[in-house]
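These are my notebook entries on one structure. I record in turn what I looked up.

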Amino acid sequence: MHRRILLAGAALILVAALPGRAAGRDIPAEAKRGTLTPGWFPDITLDGKPRRLAPAARIFNQDNLIEVPAALRGRDLSVCYTENADGDIDRIWLLTPEEARQRRR
């Protein structure tokens, strides 16, 4: 009985020690790469051009958690993004430094 408790405790410690970063993010192959400068919602600048976020846009940070645009305002960020049928930006992934160094296929 004590052995099972020790093994369960050791397994919990190992899981807790894993990094919080999501392994293998699901960034679609059709996503484009760019530099994002958030403004006042829904306005953004993408690669120096004014663009708009879709009403239900989602911004995923490096840990795959949702970020609000106001928390990112004033910074230039390396991102991957997708557009909806209206040409608005609907999904954005903030890239880690490692992801930003990789070439898109």
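Entry 1, contacts of one residue. I began with Ile 44 and set aside its neighbours within four places in sequence. Ile 44 is in contact (heavy atoms within 4.5 Å) with Leu 36, Thr 37, Pro 38, Gly 39, Lys 49, Pro 50, Arg 51, Arg 52, Leu 53 and Ile 89.

Entry 2, basis. I note that this is a predicted model, in which local features need pLDDT of at least 70, side-chain atom pairs count only at pLDDT 80 or more, and totals for chains, interfaces and linings use all residues. Residues are numbered from 1 along each chain as its sequence is written, and side-chain values use heavy atoms, with hydrogens and water left out.

Entry 3, cores. I looked up the largest nonpolar core (buried Ala, Val, Leu, Ile, Met, Phe, Trp, Tyr and Cys residues joined through side-chain atoms within 4.5 Å; buried means under 20% relative accessible area, exposed over 50%, partly exposed in between, with a 1.4 Å probe and protein chains only). This core has 12 residues, among them Leu 36, Ile 44, Leu 53, Val 79, Tyr 81 and Ile 89. Strands β2 (43–46), β3, β5 and β6 each supply at least two of its residues; strands are DSSP runs of E, at least two residues long, and helices are runs of H or I, at least four, numbered from the N terminus. A second, separate core of 5 residues includes Phe 60, Cys 80, Trp 93 and Leu 95.

Entry 4, salt bridges. I found 4 salt bridges in the whole structure, each a side-chain nitrogen of Lys or Arg within 4 Å of a carboxyl oxygen of Asp or Glu. Arg 25 pairs with Glu 99, with the closest N and O atoms 2.7 Å apart. Arg 25 lies in the loop between α1 (2–17) and β1 (32–38) and Glu 99 in helix α2 (residues 97–101), so this pair ties together parts that are 74 residues apart in sequence. Arg 25 counts as buried at 12% relative accessibility.

Entry 5, a network. Glu 83 forms a salt bridge with Lys 32, the closest N and O atoms being 3.0 Å apart. The pair links strand β5, which holds Glu 83, to strand β1, which holds Lys 32, 51 residues apart. Arg 51 also forms a salt bridge with Glu 83, at 2.5 Å between the closest N and O atoms. Through shared partners, salt bridges join Lys 32, Arg 51 and Glu 83 into one network. Glu 83 is partly exposed, with a relative accessible area of 33%.
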